Amino acid sequence: MMNKAFARQSSPRYELTNTAEKFEIVVDVPGVKPSDMNVSLENDGQILTLSGKRERKQEGFQYSDEFSQSFTLDRTVDTEKVTANLSNGVLIVSAPKDVKRLEDSVRKIPITQNAHEEPTVAQQALENDATAKKEEVIVETVCR
């Protein structure tokens, strides 16, 4: 009897929900066991990666399917509260959002009025050009 083996790389169907309150991914992975799945956060919680494999063996036949998908998370996703649940061939990965995290990461720059500053390069060029024109006028007036 001849043994046949098949392997392929695929991307399962998924649905992404990204609202002000939560981040959620629902992935169809029929036939995949929790031990064959991997859910991980990388780059300080900015990248969520889902990967897994499905293997099926029958008499004279072996089938393998691997998948991996990464998602970029916005800063409001509370990565400390990410959950993953696999039930009836559907993986649900979700996390609440915390808008305060975004507010904490924003640095406001104060605006001052009439502050004494050194002139910028553009301002200096304009001033130099204006001074040169004044000198031309003075020289022209004196020479006449």
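Biologist: What volume does the largest cavity have?
Modeller: This is a predicted model, where local features need pLDDT of at least 70 and side-chain atom pairs 80 or more, while totals for chains, interfaces and linings use all residues. Residues count from 1 along each chain as its sequence is written, and side-chain values use heavy atoms, without hydrogens or water. A cavity here is a set of points on a 1 Å grid where a 1.4 Å probe fits but cannot get out, and its volume is the space filled by probe spheres set on those points, joined across faces, edges and corners. For the largest cavity that comes to about 40 Å³.

Biologist: Which strand gives the largest share of its lining?
Modeller: Lining residues have an atom within 4 Å of a cavity point, and for the largest cavity they are P12, Y14, V27, L50, F67, Q69 and F71. Six of them are nonpolar, one is polar and none is charged. Strands are DSSP E runs of at least two residues, numbered from the N terminus. Three of the lining residues come from one strand, residues 61-72, namely β6.

Biologist: And the second largest cavity, which strand gives the largest share there?
Modeller: With a volume of about 30 Å³, this one is lined by F23, L48, L73, V82, V93, S94 and A95. Its lining also splits into six nonpolar, one polar and no charged. The strand at residues 90-96 supplies three of the residues, and that's β8.

Biologist: Which elements give two or more residues to the largest nonpolar core?
Modeller: A core joins buried nonpolar residues through side-chain atoms within 4.5 Å, buried being under 20% relative accessible area with a 1.4 Å probe. There are 15 residues in this one, and I25, V29, L48, L50 and L91 touch the most other members. The elements giving two or more are β3 (22-28), β5 (47-58), β6 and β8.

Biologist: Which residue in β8 stands opposite I25?
Modeller: Skipping residues up to four places away in sequence, I25 has heavy atoms within 4.5 Å of Y14, E15, L16, L48, L50, F71, L91, I92 and V93. Strands pair if DSSP finds at least two bridges, and β3 runs antiparallel to β8 over seven. The residue opposite I25 is V93.

Biologist: How many residues lie between β2 and β3 in their hairpin?
Modeller: Strand β2 (residues 14-18) pairs with β3 in the antiparallel sense over five bridges. N18 stands opposite F23 in β3. Between the two strands of the hairpin, the count of residues is three.

Conventions
1 Å grid on protein atoms, 1.4 Å probe; cavity = no way out; pocket = protein on both sides within 12 Å on 5 of 7 lines; lining within 4 Å. Helix = DSSP H or I, 4+ residues; strand = E, 2+ residues; numbered from the N terminus. Nonpolar A, V, L, I, M, F, W, Y, C, P; charged D, E, K, R; others polar. Buried < 20%, exposed > 50% of the residue type's maximum accessible area, 1.4 Å probe, protein only.
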